[in-house]
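Reader: Hello! Could you walk me through this structure, one question at a time?

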Amino acid sequence: MRIAFYLAFDLNPQNGGIERVTNILTKEFVAAGHQVYFVSYISEPEAEHTALAADRLVLPDRKKLCSRENQTKFTDFINKNSVDIIVAQHSHDMEFATLPFLVKQNTNVKILYVFHPTPFIQSLSIADTSYPILKSERTLPRLWRRMGRIILKKQKQKSKNNKMGKHLKRLHEMGDYILVSSEKYIDGILKISGIQSREKLFAIANPNTYREEDIQTAQKENILIFVGRLSEEKHPEKIMLIWKHIQDRFPQWNLKILGEGKLKHELEELHKQLKLERCSIEGRQEPTPYYAKAKILLLASDFEGFPMSITEAMQHGVIPVAFNSFEALSGIIEENVTGISVTPYSLQEYEEKLAALMNNEEKIAKMSVATRKSISRFSAPDIAVEWIGLFRKLGVQ
């Protein structure tokens, strides 16, 4: 097979989950004898394309994605390399998704649109409406928007879902398949989009980041970790506030926050304001050594699609605690067996459940073993086989 991944950025796995998934799958496809190509909008010097790609294209027109020049270069690239299928990895952006559709008109290529975010808004998950923790969230315009979410919650949910439904229906019309990260998303897509059939909708979980032989082992320590972008939708400030409320009860425990993002400086100020103890903001770090030592992973996101920080942590026996703000969570963890879910967005419930777990060493040890065993079902070779099976359904040989 000749497979072209179409991405916003070159293949730098440190950029985020989409790039990491692409990197993992590429290695599996190449190892199985398939040829993989990359088409990207923005080039990066740190990208890992040289060792993996049969060929690559960086689109020349940076000002207008769907320009005639980009269409021509992309089309010529697909025809020259006899590419069988384009995997569009950022299809939540309609302009980005439109370009391969235009290319398809002059080629024989198939298109698989991969939709990574959660595709619809759950009834509880329009986003947190409690009083904001960060000063930047307490400006008058932001407070008015937050008030609007409280007063017009149902209307805003309906509006967002209608907009997303139209987007997904358009992808359904343009592509040969839409792929999401959890089977639990498909019923919601049908409900909000007006798509009449499941025939072109498919679900494959994200692959595990680590092979079993590459997982680092270390003596577990009393460490809580947050791993992710330091951004508004990830809410690391909530993790810090939770820690403020429980830190005196757990003097033997530490909190480590890993990640970069626009909130970093404000989080450092919040750290001082809250007088946090045994809490460090580590910045962007290779998370593997942290996973090896940590016992519990903390997430507080408004929304997720299929967060790889959870599966990466579970591979290392780290127990995830997360808001139940996305449908895929229940397909990744088993409640009180391999993880703990919290009602969005109750910080009190979060604190209570987290403290109960931290106080129960026997439960931590038991759940840690269970997480490692459970997550093996998402091994990269097994997930790659599912992808190849999907390609064959599309008629790609």
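Reader: Which residue of β3 does Val39 stand opposite?

Author: Happy to start there, with the note that this is a predicted model. Strand β2 covers residues 35-42 and runs parallel to β3, with four bridges joining the two. Within β3, the residue opposite Val39 is Leu57.

Reader: Which strands stand at the edges of the sheet that has the order β3-β2-β1-β4-β5-β6-β7?

Author: This is an open sheet of seven strands with parallel pairing. A strand at the edge has a single partner strand, so one side of it is left without a neighbour in the sheet. Neighbouring strands here are turned by 25° against each other on average, direction ignored. The two edge strands are β3 (55-58) and β7 (201-203).

Reader: At about what angle to β5 does helix α3 run?

Author: Let me set two helices side by side. Helix α1 (residues 17-31) lies across β1 and β2, and runs at about 160° to β1. Helix α3 (residues 94-104) lies across β1, β4 and β5, and its angle to β5 is about 170°.

Reader: Is Ser182 buried or exposed?

Author: Ser182 is found in the loop between β6 (177-180) and α6 (186-193). Leaving aside neighbours within four places in sequence, Ser182 is in contact with Ala203 and Ala328. Its relative accessible area is 9%, and the cut-off for the class is under 20%, so Ser182 counts as buried.

Reader: Which residue of β13 is the bridge partner of Val321?

Author: Another open sheet has six strands in the order β10-β9-β8-β11-β12-β13, with parallel pairing. Its edges are β10 (279-283) and β13 (340-342), each with a single partner strand, so one side of each has no neighbour in the sheet. Strands β12 (residues 319-323) and β13 pair in the parallel sense over three bridges. In β13, the partner of Val321 is Ile340.

Reader: What angle does the direction of helix α13 make with that of β12?

Author: Two helices that pack on this sheet are worth a look. Helix α12 (residues 347-358) touches β8, β11, β12 and β13, and its direction makes about 160° with that of β13. Helix α13 (residues 361-375) touches β11, β12 and β13, and its direction makes an angle with that of β12 of about 90°.

Reader: How many of the eleven residues of helix α7 are buried?

Author: Helix α7 spans residues 236-246 and is largely enclosed by the rest of the structure. Its buried residues include Pro236, Glu237, Lys238, Trp243 and Ile246. Of the eleven residues, the number buried is nine.

Terms used
Residues numbered from 1 in each chain as written. Predicted model: local features only at pLDDT ≥ 70, side-chain atom pairs only at ≥ 80, totals over all residues. Heavy atoms only, no water. Buried < 20%, exposed > 50% of the residue type's maximum accessible area, 1.4 Å probe, protein only. Contact = heavy atoms within 4.5 Å. Pairing = 2+ DSSP bridges. Axes fitted to C-alpha atoms, helices over the stretch in contact; angles between N-to-C directions.
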